[in-house]
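Got a model to walk through, with a few questions to go with it. Take a look first, then we'll dig in.

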Amino acid sequence: MTTRNGALEPVFCTIVPPHVLDQLSRAEDPDVAAPARRSLEHDAYQRTRRRLTTVIGATAAALPEGAAADQPHRTIYDTHHSQDLPGDKVREEGSDPGSDASVNRAYAGLGATFELYLKVYGRHSIDGGGMPLDATVHFGEGYDNAFWNGEQMVFGDGDGKVFLDFTIPVDVIGHELTHGVTQHTANLEYFGQSGALNESLSDVFGSLIKQYALGQTAAEADWLIGAGLLAPEVHGSALRSMKAPGTAYDDPNLGKDPQPATMEHYVRTGRDNGGVHINSGIPNHAFYLAAKALGGHAWEKAGQVWYDALTGGELKSDAQFADFATLTAKAARHRFGADELEAVQKAWEQVGVHTR
């Protein structure tokens, strides 16, 4: 979907959903509540800034003169706990690691994302044209989130009590950058089922980036999004589980993971843009089931099918789950054959979504 001036629809995408931060903001412990409230305020400001940038018209990042589109072009910035983006440049492509672990992890995560898209799917960076990858670390004071603002990645350090440094899980980095891929392809609307598909695609490829980096098969992967992000005292393993939606956490401060695994428990809500982070559990689970059934490395067959459906040009910006499921079935038949088609159709049927 585009705006009236022809720009891409403004989307501000965070890894921690607003309903989770809202829950934390009501905690009795001020060390939990205060950072969550500040993070909600930061996100509201950045959302407004994203809308204004789209209306005014942002300048797209261009490849440096003479640079190759099949090589990453990463730049890492540091805001030193301010909110002034992008911050001071602290590392650029080809430079050696420094003493700041957050900078090094961000640099490596951008590289891992670029590598999967290039080597597995032949895609040259986020936009397909070699777009430079920029990221900022140490954003804000105890900022409990990471986000893609349509132009770059931004990472908070976490509050240390609920969330740790957001550069720790590589799938968080891959998740946010994949919002950029979706932005430059199907440009899925960020509301209801199309928004949940937007979120799910970021989880799918975020997980695949982690699996690819670790050399894991579908059977070996943990299928968790954000493992290692929660502080040790939190009762939970990650932000989301693709294998078992609804089981990622059950904590006095965070509450219980609300994700459904099937359409039977689809959540109808006006919050979270119509439940985009909640109902994404349904297509997430469908992908897990397809990948498990197809076996081997999930990026080879299941991932290829999902990538084809996303980038094939037929996915409409307001697509519903059934629309996307139908395109994955079509892609499975065209790319592979009858066995793969059956596995994909069965996966969607198991979560209550029927192909057309």
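Author: Quick ground rules: this is a predicted model, where local features need pLDDT of at least 70, side-chain atom pairs count only at pLDDT 80 or more, and totals for chains, interfaces and linings use all residues. Residues are numbered from 1 along each chain as its sequence is written, and side-chain values use heavy atoms, with hydrogens and water left out.

Reader: How far apart are the end C-alpha atoms of residues 75-183?
Author: UniProt's unreviewed entry annotates this stretch as "domain: Peptidase M4"; such annotations may be inferred rather than shown by experiment, and positions follow the numbering used here, with feature names shortened. The span is 32% helix and 18% strand (DSSP runs: helices are H or I, at least four residues; strands are E, at least two; numbered from the N terminus). Its end C-alpha atoms lie apart by 21 Å.

Reader: Why do the "active site" residues gather at one spot?
Author: The unreviewed UniProt entry puts that feature at Glu176 and His277. They span 102 residues in sequence, yet they gather at one spot because no two of their C-alpha atoms are more than 13.0 Å apart.

Reader: Is Glu176 buried or exposed?
Author: Glu176 sits in helix H4 (residues 170-183). Buried means under 20% relative accessible area, exposed over 50%, partly exposed in between (1.4 Å probe, protein chains only). Glu176 has 0% relative accessibility, so it counts as buried.

Reader: And which loop holds His277?
Author: At 3% relative accessibility, His277 counts as buried too. Its contacts (heavy atoms within 4.5 Å) beyond four places in sequence include Tyr190 and Arg240. The loop is the one between helix H6 (272-275) and helix H7 (281-294).
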